[in-house]
Amino acid sequence: MRFTSTESYVATDDLTLAVNAAITLERPLLVKGEPGTGKTELARQVARGLGLEMLEWHVKSTTRAAQGLYEYDAVSRLRDSQLGDERVRDISNYIRRGKLWQAFDREDRCVLLIDEIDKADIEFPNDLLQELDRMEFHVYETGETIRARQRPIVIITSNNEKELPDAFLRRCFFHYIRFPDMETMKRIVELHHPGIKQGLLTAALTQFYELRDQHGLKKKPSTSEVLDWLKLLLAEDMDAADLRRDGGASLPKLHGALLKNEQDVHLFERLAFMARRQG
């Protein structure tokens, strides 16, 4: 199994190398990068490129590691016992399988995405160490041990909101997705907006990267946001000339697709005001 770019996803050489190295080593691939750089989409495209099914476990601040294994519904069992339901005799009727159990129990190999692991409690990664390393876990209520029939390809994403434990990092193959350069971004745009005029594309991306490089910006626009912006520009039938900013007007056309908080908008408004005064 070797992953390469797909018809709808541009994977750089270092990214494809990281994916294939993790597959060869049979270790989870830990992917970090700015929000919007395609970390979650990478897992979907790996599954698509390799012809595998995909399971997604989206982590929240309240998510516990045990939920990825299974949950025992004691409340339902108690209620059924009070109602005289025969199902209570088999405790397995009240075991809800988590995403790891589902991945382990498959006859065929799959891709398992553990999305935004850094949202959970700091102990969350440590609680999954043995299960991800040995590909097995014990169900205490039934006394059975669940082992992976086919080792899944595990892709874990993180937005770097908190540091992950060293013991967890040692068991992963790590890759940081750098923000695409101009040429890579053009290839990405071509996939989503085929046939876009090169003059418009160059002018738009020039403004986009100038905006990203502005000192003091609180939230830099991401790949998904520039794609949305270009979609709007195409819908409005704009060309490169329409993107020229008048005088000291520092805000690009339809900037609401790129700037997502009032602090950044005010920053560019102040820059425009200063530019007009100097003019």
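Which residue stands opposite Leu113 in strand 5? Glu56 does, and the first view below shows the strands around that spot. The model is a predicted one, in which local features need pLDDT of at least 70, side-chain atom pairs count only at pLDDT 80 or more, and totals for chains, interfaces and linings use all residues. Residues are numbered from 1 along each chain as its sequence is written, and side-chain values use heavy atoms, with hydrogens and water left out.

**View 1. Strand 5 and its two parallel partners.** Strand 5 covers residues 110-115; helices (H or I, at least four residues) and strands (E, at least two) are DSSP runs, numbered from the N terminus. 6 of its 6 residues are buried, so strand 5 is largely enclosed by the rest of the structure. Here buried means under 20% relative accessible area, exposed over 50%, and partly exposed in between (1.4 Å probe, protein chains only). Follow the side chains along the strand: Cys110, Leu112 and Ile114 point one way, while Val111, Leu113 and Asp115 point the other way. Strand 2 (residues 53-58) pairs with strand 5 in the parallel sense over 6 bridges, where pairing requires that DSSP finds at least two bridges between two strands. Strand 8 (residues 153-158) also runs parallel to strand 5, joined to it by 4 bridges. In that pairing, Ile114 stands opposite Ile156 of strand 8.

**View 2. A salt bridge between Glu7 and Arg48.** A salt bridge here is a side-chain nitrogen of Lys or Arg within 4 Å of a carboxyl oxygen of Asp or Glu, and the structure holds 20 of them. In this one, the side chains of Glu7 and Arg48 meet at 2.7 Å, N to O. Glu7 lies in the segment before helix 1 (13-25) and Arg48 in helix 2 (residues 39-50), so the pair ties together parts that are 41 residues apart in sequence. Glu7 is exposed, with a relative accessible area of 56%, whereas Arg48 is partly exposed at 48%.

**View 3. More salt bridges, from a pair to a network.** Start with Arg89 and Glu86, whose side chains meet in a salt bridge at 2.7 Å, N to O; both residues are exposed. Turn next to Glu136 and Arg147, which form a salt bridge with their closest N and O atoms 3.0 Å apart. Glu136 belongs to strand 6 (residues 136-139) and Arg147 to strand 7 (residues 144-147), so this pair ties together parts that are 11 residues apart in sequence. Glu136 is buried at 15% relative accessibility, while Arg147 is exposed at 53%. Finally, Arg97, Asp105, Glu107 and Arg149 are joined into one network by salt bridges that share partners.

**View 4. The surroundings of Lys32.** Lys32 is found in strand 1 (residues 29-33) and is buried, with a relative accessible area of 8%. Leaving aside neighbours within four places in sequence, Lys32 is in contact (heavy atoms within 4.5 Å) with several residues, among them Lys39, Ser158, Asn160, Phe174, His175 and Tyr176. For a sense of scale, Lys32 and Arg276 are 40 Å apart in space, C-alpha to C-alpha, and 244 residues apart in sequence.

**View 5. An aromatic cluster of Tyr70, Trp101, Phe104 and Phe137.** Rings of Phe, Tyr and Trp (its six-membered ring) pair if their centres lie within 6.5 Å; planes under 30 degrees apart count as stacked, over 60 as edge-to-face and the rest as tilted. The structure holds 8 aromatic pairs. The rings of Tyr70 and Phe137 have their centres 6.4 Å apart and their planes at 20°, so this pair is stacked. Tyr70 lies in strand 3 (residues 70-72) and Phe137 in strand 6, so the pair ties together parts that are 67 residues apart in sequence. Tyr70 is buried at 12% relative accessible area, and Phe137 is buried at 3%. Phe104 and Phe137 have ring centres 6.0 Å apart and planes at 40°, so their pair is tilted. Phe104, in helix 5 (residues 99-104), is buried at 1% relative accessibility.
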